[in-house]
Amino acid sequence: MNSKKGWMVAVSVLAACLLLLIAACNKKEEQPANTAAEQPAAPAATPIDQATVATIDGTVKFEGTAPKPAKIDMSQDPACKGMNESENIVVDNGDLANVFVYVKDGLGNRAFDVPKEAIELDQQGCKYHPHVLGVMAGQTIEIKNDDQTTHNIHPTPKDNREWNESQPPSTAPLEKSFAREEIMLPVKCNQHPWMKMYINVVKSPFYAVTDKSGKYEIKGLPPGTYTIAFVQEKLGEQDQTVTVGPKETKTVDQSFKAAGA
Amino acid sequence: MAEQPEQDPITSKSYAAYYLLAIVILLATLFWALWDENWGQRPWKAFQEQWKERYPAFLDRERSKSAASEADVEKNPDYRALEQAYEKAKDDTKAQAAEMRTQLDDANARLLAVQAVFTDRRAYVNALTYELETSAGAAEKASKQKQIDQYKAELATVEFPDGSRKKFNFQQLEETYNEIRNEKTKRSLELGDVLKPVTAASTKMGDYVSQHMVELTPQQIDGLKNRAEDWDPKIVQINVAEANIVDRCESCHMNTREPLKITPASMALKGEKTPDEYAEAFTSHAQPELLKIHDPEKFGCSPCHQGNGRATTSVEKAHGNYEHWLWPLFPQENVQAGCQNCHAADMVLVSGDLQWETINNGKDLFRQKGCMGCHRYEGYDKEPEELNAIGQQIKQIETQKIDNLKESAHLMKEADAAETNEEANRLNTQAVDLKVANSKLDGRLQQLDFESHSLLQDMKKVGPNLKDVRLKLNKNWIPVWLRKPTDFRPTTKMPNFRLTEHQIEAISAFIWQSGLTDPLPKHKPGNVAHGQELFEERGCLACHSIGEGDQMQGGTFAANLSREGEKANYDYLVRWIHNARERTRPYCPYEKKDIGPEDYARKGLPFQFDLEHSRCPNDGHELQVQNMTVMPSLRLSEEDAEDIASFLLTQKKKEPSLYADAAYMDDPGLKAEGKKWVQYFGCAGCHEIAGLEDEGRIGTELTFEGSKPIERLDFALFTVPAQRGGPNAEPIQDKEDLARLPDGPAREPWYNHKGFFEHKLAEPNVYDQGMVKSETEALRMPNLHLSKEQILDLTTFLMGSEETSLPDSYQYKPGDARQDIQAGWWVVRKYNCMGCHQLIPGQQTVLMGLKQYQDAQEQLPPKLLTEGARVDPEWLRRFLSNPALSATDTNRNGVRPYLKVRMPTFSFSDNELRTLVRFFQALSQQPMPYIPEQVPVLTTKETDMARSLFSSAAAPCLKCHATGDPNHDRIATAPNFLLAKDRLKPDWVERWISDPQAISPGTSMPSGLFEEQNNRWVFAGPTPSSFQGYTGDHRKLLTDYIFQLTPEEQRRVAAAMPHAKTARAHRFTNPRQRSAESPPSISGGTR
Amino acid sequence: MAEENNDKNGKVGLIDRVKDDIQAMKVDIPTKAKEQIEGLKDPTKTQAYTSIFRHKHDDTPRNRALGVLSNVFLHLHPAKINRDAVRYSYTWGMGGITFFLFIVLTYTGVLLMFYYHPTKVQAFRDVLYLEHDVPFGKILRNMHRWAAHLMVIAVWLHMFRVFLTGSYKKPREFNWNIGVLLLVFTLLLSFTGYLLPDDQLGFWAVTVGTNMARATPLLGHEGPFGHQLGMTPYNDVRFGLLGGSIVDANALLRSYIWHCIGIPIVASVLMIVHFWRVRKDGGISGPAPVMLPQEADKPRRGPKAAGE
Amino acid sequence: MDWRQLWEICSAPDNVPIVGLIPLLIFYIYLAWKQAHANDQLIAQLETDPAMAKTHHRKTWPFKQGWQKEVHVWPFLLRIEFLAAIIVTIILMVWSITLNAPLEEPSNPNLTMNPAKAPWYFLGLQEMLVYFDPWIAGVVMPTLIIIGLMVIPYIDTNPLGSGYYTWKQRKFSISTFLFGFIIMWVTMIMIGTFIRGPGWQWFWPGQTWDHNRLIYEVNRDLPDIFGITSNLGKGIFGAIVVGGYYAIGGFVVYSLFRRYMAKDFKRMSLLQFSITQFLLLTMVALPIKMGIRLLWHIKYVWITPWFNI
């Protein structure tokens, strides 16, 4: 009799020990075997074979009646001369100028070298030249003041840092750059409220701005399928998808409609 | 047992087997206990093992990145130059240094050779000397002395490193030793001198790297790695005896205070998709800047995060997530609840540009949504309580005064009858003293009167004044509104009380019948188009919104006005827009009634009441002369107000006349019952209602709701489902309410404060569900139709509302200027200043988000980031009390007339003015009171110089700054310089004109006007010829000039400006020519 | 330099002496070793052993008896007992287990006292400290608690057995009474310990428990005639128990002192009496030979005489 | 059936001893019954066979010539004692490793626990509070229990059954004790632990402990049923009922003793008998009171200005 209880206890304790062992073993299995994790390296971009590159060109049209450019009163500052018309929508014969065209998508994760040479932005006659500017992220923009009046350059970006610097006449050009991609980044001069221009910061060198005749050309594209974006400061963005083969030259035209049309 | 009779079963039986087994089990149990003690109860050991493996691996990756950026830094030409300088210095000193090193080595070797012999002999001499000193007799002394002398005279051989041997006696030995030692010191000093340029150059290189590296340097990372690799498993704990904090959190959370940013992903094992428990534990603190101001060695972890800091036996225990721990870890989304523990007195919590949005919004919502109308919460809506206290004090002082007078009269009487003159004089003096004391009390009374005047002015109600319903509202609209306010206005603050039809009738009848019926002045209809323009321009949208759904624009601080036309009475609306504070009748808190013209007439007074005429005609008590709304006056003309009102009346979906007739509202029989329901639902908490001005709050106090024992929170029929979770755990059925729950429908157990608050806020009557209750038993809390985010914010706030166990010294109750900041935020939030102004770097205002400002940011109200450093506090006080800065010409902005948006007149009380001025000063660390800086008087020459620069093409200040000339000010985008003298602080102006972007990012004023040259600031553009040879500071000159500008001087400058429309002044040469002919003199002209 | 000469002089003698010693050592050490091994074969003969055990440990009846009699702890037992008295199924061993648990409780209790302060501020923290900081603190507290519960069960079962075997009957009536008192003290020990962690469980258990004392007839302010006798919450028996009108710091201190000093001393004394009376009343009661009803009224035979 | 609730109750650390007590009690009752049964058979055999009664060693365990009548304590008893000590140590340690002693929130006088329960071994007393006023349940009853236990040796005049398990020879005393210990004491503890939930309400095992449960229960006093309203009347009525219970009960006890336990009765002195009567009736009064309370919702029988029973 006396041993009965002893056995009961013994069995229960043994069972407990067994459980414990199992628990201990489980613990060990949980221990991870491998340690140092390595960050996956970014896949290397395939170099562009210059022999097969394609070109995209085209014309951007404006449909409908072009709004009359608003007159601008520049009498406030005697130093300001030249054409005093708004450059919101510049249409000549149905050709739309100042449209920024760039490859929005399709380049994968290719990275491109930033050109060493600076892009120039000139202030002349209280106007920006050019009115729409394309630049690669990180590329230097050289801002000149050719007027005999003080300007200030005041970009108001969404994704980049805002700044506002004064540039008195005959001073050295300002050298600036933007680190992040941003389309239609407005730049203004607070002293001359009509002065306005747009900088487009992109990551690839495949961009262009339509000239007065609405023409543009993007060269050196590797063959592939791309989304081409046409951006106008007032009329917004329109996209087209296009596939170019090796050495091909494709014409991609685009047209904008008058607002409300 | 009976089979073997010959064997005695008792004595013959062996117990060895039992014992063996028992002992084996006992030993096993002992080992189990040991294991349990060392590992079973110490899961943190496993964490630390994992950490030792993972962290160094992570550091290796970081190190390679850091090394790469170090290499980048080293590529920099500046660094290259430093490196070259270093190399050159090294080369220059190479030969000399090498030679000196040889000499030093030689001296060293010789020193060692002599030292060996010398120290040995000196020890022997010392021992003998000791014997000499302690020997007793003279003879013995003499013999010892002799022995010493003999020993000193003995010659010792020293073998020098070059092999030569020399013999020295003790004295020579000592001299040689000292000589060589001095030589060695000299040589090493010389070497140091020679190498100085090299060390300096190398230090420069090091400094350059550490200054230009954004990350930690590889050396620093190596240090971290060494620490990790040498780590021995141990409990890491913070122990603060003063606050009874023992936190061992860092025993598992090993990286909390590491200087690197460590995410779970970076600590995950290779190939692991989701970071495991260990990786989650090894992250660095999400807000390292918080740790900087809350030193973990003082604050520990649990005061903010809660949990059981002591426990280390399991994750659940350590996080306090078990039944009997009262302070479970705040979930991540509610983590800011921890702030409330010490920051209950703060309205806004900001550190740098980081706003603690969750808790801040929670605190703000508590006020905005009118929670404090029903629930007391320490710090909120404290005016009535303070007013009460002041009333008590006044009574006390008045009694004291009477006592003093009596006592004084008594003393004088006694003095008259005194026996001696001394006695009489003494008594008379006492009597006089008491009179003086009374005069002091009068002063105190005066202050208390001011105080109560202020407090009455500060008292606000969340909802509108219901005494004016008859004047203000479309009668038939009222019951429709009460039925479900969100049906009419989805974003309204007015909650849904789930009223029955009968209750609605009774309540509307009571409200209607208790309303005032005073006549309103009639207004002619206004111009709707102009009204709309004004509505959009003047800044109404900073608080109000218009449009519904996706079309909605504007702020959420005040009502959405989309359907205003259906409910409002035009004449009342005009008066309201013109000045919302204008009351129909003043209210006397003493008599507890609205004072009408008849009361004034009785005393022969005109029926005039405003902040200056705030005494009751009946008894002289302070009156409530304003509507208790925060809506300010925009100083509009009557016509403008009419235009806006006309515009707002066009905002409607259906005609007001189409509302069903609610004739029962005039049934006097319903009034009494209506009053009962109005009281029952606590309407007077948010509205001013006739006869219910002194109603108490109907809800429970929430100051310490977060630490209320869970048993006191009534989960009603959902106690068990909430405790157990599972598919039936979610009590809310209503889809709309269900969508309010921040975490969606509950599946997990939610029997905790968070769960209770979230459910209660999502559907306030949720705990009535399934219960059979009568009208007066049902839960009264109305549905506030909160969004998920708002519920999260409020829940966080309530969770943090705990009775803290921390010592009082942990409460954030600063005694210095920070106290002013603390107090100021309450006022800032109260009047929604942040709807228009940016006060915290990066903070978005409502106006910034509006369409019309996207292209015209210069039209936005000014940013107030450094307001205290910018303006003279005395001026600020004047400006805040009258932003027009003029008593007569009020329909404009005082400082920035060019802004279409209007700085309104808030009728701040003296208290609030004081608070706000101190707030801005403290926010910019300005001392109070402010003593203006003296600006040196400029000489005529200096004035001329400054004027010439001011009007030059290079510094066309007046192109943007207003001058007072209406023609020019039409296009001005900056304030008039004439204001500067009174308004600004000179040192701020200097900082401003050299880099305005650093003070107000995005301002129209450009940077780069000045540049620093040889410790003085000079103009960056071409300067007029008069500046030739000027050695003073240009920036200072211009500042001083601005502060001495007079209207005449300003006109002179304006005249001098190259202005196309006005005749150009001939005294000045064409700026283009001038800048061309004088480049050499322009210090900063060419870069 | 002077020592050198001495060395030279003594050289011859020294070598001889060393040689002699080595010879002797060759004999001596093995002999000693043999002796040592022999000695170790029977450890009971070693001085260390005999100093501890006061007699030889031959497996003789005498020594078996001496083993019990000459041991201060064991001589609680007689040297010999009825052959059936070792049967576990009869005794259930519950008395012994109770005593053993009492020893365990004393031991763990003393260790717990090292870490515990009976003050309102400290008590709960100390228990947390025991749980989380003290090495083996958790198991210590657990053992103390569970042993206390086990002891209550063991006492009940012991009493149950004693009743079922009629062991309270003559001549053991008084010892039964002592046993009843020991039961009461066991419960009181456990109950006073309940409050010590100063948590909700203990607090309310003790509140409920002591609230009954309010109703003590005559002595409690809510008990029959208590009010008439001028009992108030501040002078009744409950106030005396708690040292206050509510369960507070004084109650904690009182219950601590009763738990650690008062009741253990009284219980120990009673235990001594209890054990002593077991011996004096003729050892444990059985298993006794069954008695037939017809013998019931005859003069009773002594327990020793039974069994033939 | 709410298994989870049942599990929560049974697994509460402080309830584990009670859960453990049930199998232990069953086991030991079985053990005692087995031996008593064997002894009773032996007794029956010996009674019918006087010859055997003379020679038999009168135990159910075998005894052979040559076996020692007495054995040495060392080692034959002590080995069992040590083994028991080791086993108890093992049980205790395993229990302590696997189950933590309860520690709830810091004490908070402002927050009443619901249900607030006494330690499990006192739950019988707490349960009695439902049926009696505190002064009876908390003071008088415990005192009577202790006194009752203490006087057992002095009122049990049966000389048989000393030192061996038997049922036949001690039917009355054993059944009384079993009734008192198992039925009254242990059952009440079980009720207090497993049945009494929030608000000290009666929850059957498997019923969810709902804190909001409301029960309609009107308790009347016995005098009310008889329409007695005056205080004096109530006092007198109660005294009559209680006195009557003891008087009639006493008579019944006498009548039963005289008939069925003549020998014992003969051996008893008047004092012994009256104490037995009183204690017996008081013990039986408890289930009677429980019964009328639970079944007929009668709260008090005897109401006086000073005390109620």
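**View 1. An open sheet of three strands in chain B of this predicted model.** The strand order is 10-9-11, with antiparallel pairing; strands are DSSP runs of E of at least two residues, helices are runs of H or I of at least four, and both are numbered from the N terminus. Two strands pair if DSSP finds at least two bridges between them. Strand 10 (593-594) and strand 11 (624-626) of chain B are at the edges with a single partner strand each, so one side of each has no neighbour in the sheet. Strand 9 (residues 582-588) of chain B pairs with strand 11 of chain B over two bridges, and Tyr587(B) has Gln624(B) as its bridge partner.

**View 2. Helix 5 (residues 94-113) of chain C.** Its 20 residues should span 28 Å at 1.5 Å a residue (1.5 Å times one less than the number of residues); the end C-alpha atoms are 27 Å apart, which agrees. Its buried residues include Phe100(C), Leu101(C) and Leu112(C); buried means that 20 or more other C-beta atoms, placed from the backbone, lie within 10 Å of the residue's own.

**View 3. Strand pairing between chains C and D.** Strand 1 of chain C and strand 1 (residues 70-72) of chain D pair in the antiparallel sense over three bridges. Asn82(C) stands opposite Glu70(D).

Residues are numbered from 1 along each chain as its sequence is written, and chains are lettered from A and ligands numbered from 1 in the order written. In this predicted model, local features need pLDDT of at least 70 and side-chain atom pairs count only at pLDDT 80 or more, while totals for chains, interfaces and linings use all residues.

Note on methods: Buried ≥ 20, exposed ≤ 12 C-beta atoms within 10 Å, placed from the backbone.
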